[in-house]
Structures are given as C-alpha cells and as structure tokens.
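Thanks for making the time this morning. I would like to walk through one model with you, going sheet by sheet and then turning to what packs against each of them.

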Amino acid sequence: MTTSVSAQTRTIRIASRKSQLALVQTYWVQEELQKRFPDIKFEVHTMSTQGDKILDVALAKIGDKGLFTKELEVGMLNHDTDMAVHSLKDLPTNLPEGLMLGCVTEREDPADALVVHENHRDKQLDTLPPGAVVGTSSLRRLAQLRHNFPHLEFKDIRGNLNTRLQKLDEGQYDAIILAVAGLKRLGMADRIHQVIPAEISLHAVGQGALGIECREGDTEILEVVKALEHTATAQRCHSERAFLRELEGGCQVPIGVNTMVEGDRLTLTGMVASLDGKRLIKDTVTGQASDAEQLGIELANQLKQQGAEEILAEIFAEVQRS
C-alpha cells in the first residue's frame, strides 16, 4: 500500500516483552509492517515487565493494572520506542494519558484449551476423575470450571508456556488450561487435547488478538499500524473491552466473553462469576457492529442489574484480604 509517512521516518522502534510468545507475536508484526512499508526500518526493542519478573505469586494477588504493559508504555511516553505489541488480553482497558490502542490484528481462535498429562489422554474435561488437579492462573477460567466441574481440584500455575507444560509433564498437574492462540502461535497446536466450548468457558476479553499501542497524536505511526487493522476483530474486541471497562474489572477478574460478527451485526455474550463458581451470571446482546462499544456498555449494565457488581465487590475484597 502507499503511505504518506514522511521520508525522515527511517526507523520505527517496536517494543516487546522478552517472553517467547511475545517475541513471536512482535516479530510477526515487524515482518508484516516491513512488507507494507519497505522504505522504513522496523527495529524490535525488548524489555521485561513486572509480570515477567514475579513468578511465585498468583497474578490476582499482585494487581493487574499494567502488569505486563507498564514498562513498554513508559518507553513510548519517553520516545524511546514508537509502538508496543501486546496480547490484547493483557492490555488494560484504561490506558495511560498520551497513549492509545492504535490497531487490533486479526484474531486467532480465542478459545481456551485443555492440555492433559499423558495418563489422561483418553479423558476430556467432563471425564477427568474426581480430585484430578487442574492448573490455571486465571480467575476467569477457575470460576467457570468450578461452576461446571465442582469435583475437580484447581491449583495455581505460573511461568511461561514451556514452564507450565514442563510442570504438567512432570506430573505436578493432571491437566492445565492454556489459550489455544498461544499454543498455535508457538507451533504447539499438537498439545491441544480439547478446545473448551464457550458453553463451558467464555474466553478473556481480547484473547487471541494482538493490540498495537502507540502515542496519541502521532499520526505517522498511527497510519503505519493501521495497516494491520482487522475490522471485524477490532469491532469484537472494542465491544469486549467496553464491557470489561464498564464493569471496572481487570484481566484478573472472573469476567468472560464471546463475540461474533455476521454481516453488520455483532453478538456479545458476557459472564461474571464468583470465585467459588457457585454464582454465575450470563447474558447476550446483539446490535449493529458499528455500535460495538455501546453494545459492551449495554451488556455490562444488564449484568449489573442481575447482581454482577455485588459479585465483583466480594471478589475484590477477598483478593485484598489474601
């Protein structure tokens, strides 16, 4: 495509976390932008975030406001870098002043995946034996799985994807729950034992999509990143993020979603659950895809009327106590 990016813009610096998955995603963005803008040099700058450094504490207990994004955002605000590539599910719905979500890329399958120890290769989620230990670091997954499978035992698991798989293979867990998208992007689709249906586990807001963050008002950089925008994915994710923002929930709260765009219509399903899984509220809205954010707000208000705020208040209090 042609671009009016000025001739002086010779090098654009892309910020990324150092994790294997983050780098795979960032190098993909670099490659796609390089194809579209051959006259510009795209450099990847890596850094560690707080979420990468603290691996021995459950995510919910250390807070999630920018846990995997803050250091990258400081770099952009200081003009050390020009854009940052995130797994969109890690990007808070309220961004620091001066920054914006410039682009949402086409989504990989946003579903959750069951990965099992070899002793359970003949099992699915609903046939794992009572007391089987399932690893997850996500309160969203935990609440929904407790709701559907109260006979299973759930245990926190941290670390990068390879570390989690190693812990599973060593027998520390009978099964673990991971994102389908991450496994596919790392070439590990063969480890997906079962794609968990939305009826059992609604996925995280933004899961499976990449978000490219940049400075507000930086029209040249924004023009570049918009080249990777996927309209239907962006509409779905903007509705999901508006839903989460309106409920004032972070990525470490049991809030799940599912979205679908058919023609000019968008359908959004949302869920809020208690940590023990005993209370689960779910509802759906449908409307014009162009009204994506408004649909997210509408669904959040519907769930509030059904008791979502009380459930979330209890969760925040419980997490703070622990």
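Before the first helix comes up, one convention is needed: axes are lines fitted to C-alpha atoms, for helices over the stretch in contact, and angles run from 0 to 180 degrees between N-to-C directions. With that in mind, and remembering that this is a predicted model, look at helix H1, residues 20–36, which lies across strand S1 (11–17), S2, S3 and S10 and runs at about 165 degrees to S2.

On confidence, the mean pLDDT of the chain is 90, and 89% of its residues reach 70 or more. The stretch to treat with caution is residues 51–63, where pLDDT stays under 50, although the model does have 25 contacts beyond four places in sequence for it. Where pLDDT is low, the predicted coordinates should not be read in detail.

Let me stay with the sheet that H1 lies across. This is an open sheet of five strands in the order S2-S1-S3-S10-S4, with mixed pairing, and its edge strands are S2 (41–47) and S4, each of which pairs on one side only. Neighbouring strands here are turned by 30 degrees against each other on average, direction ignored.

How many of the residues of strand S10 are buried? For S10, residues 210–215, the count is six of six, and the strand is mostly covered. Strand S3, residues 83–87, pairs with S10 in the antiparallel sense over five bridges, and Ala 84 is the residue that stands opposite Glu 213 in S10. Strand S4, residues 99–104, also runs antiparallel to S10 and is joined to it by five bridges; here Cys 103 has Ile 212 as its bridge partner, while Met 100 stands opposite Cys 214.

The second sheet is open as well, with three strands in the order S11-S12-S13 and antiparallel pairing. Strand S11 (255–262) and strand S13 (280–288) are its edges, each pairing on one side only, and neighbouring strands in this sheet are turned by 10 degrees against each other on average, direction ignored. Between S11 and strand S12, residues 265–273, there are eight bridges, and the two run antiparallel, with Thr 259 opposite Leu 268 in S12.

Two helices lie across this second sheet. H9 lies across S12 and S13, at about 150 degrees to S13, whereas helix H10, residues 308–321, lies across S11, S12 and S13, at about 50 degrees to S12.

That leads to the nonpolar cores. The largest one has 39 residues, and those with the most contacts inside it are Leu 125, Leu 152, Phe 243, Leu 247, Ile 255 and Val 272. Helix H9, residues 292–305, gives the most to this core, with five residues. Apart from this core lies another, of 18 residues, among them Ile 14, Val 29, Leu 210 and Ile 212. As for Leu 247, if we leave aside its neighbours within four places in sequence, its contacts are Ile 255, Val 272, Ala 300, Lys 304, Ala 308 and Leu 312.

Finally, consider helix H5, residues 161–169, whose buried residues are Leu 161, Arg 164, Leu 165 and Leu 168. Seen down the axis of H5, these buried residues fall within an arc of 95 degrees, so they line one face of the helix. The buried residues of H5 pack against strand S5 (112–116), strand S8 (175–179) and helix H6 (180–185).

How values were computed:
Residues are numbered from 1 along each chain as its sequence is written. This is a predicted model: local features need pLDDT of at least 70, side-chain atom pairs count only at pLDDT 80 or more; totals for chains, interfaces and linings use all residues. Side-chain values use heavy atoms; hydrogens and water are left out. pLDDT is the predictor's confidence in each residue, from 0 to 100. Contact means heavy atoms within 4.5 Å. A nonpolar core is a set of buried Ala, Val, Leu, Ile, Met, Phe, Trp, Tyr and Cys residues joined through side-chain atoms within 4.5 Å. Buried means under 20% relative accessible area, exposed over 50%, partly exposed in between (1.4 Å probe, protein chains only). Helices (H or I, at least four residues) and strands (E, at least two) are DSSP runs, numbered from the N terminus. Two strands pair if DSSP finds at least two bridges between them. The arc is that of the directions from the helix axis to the C-beta atoms.
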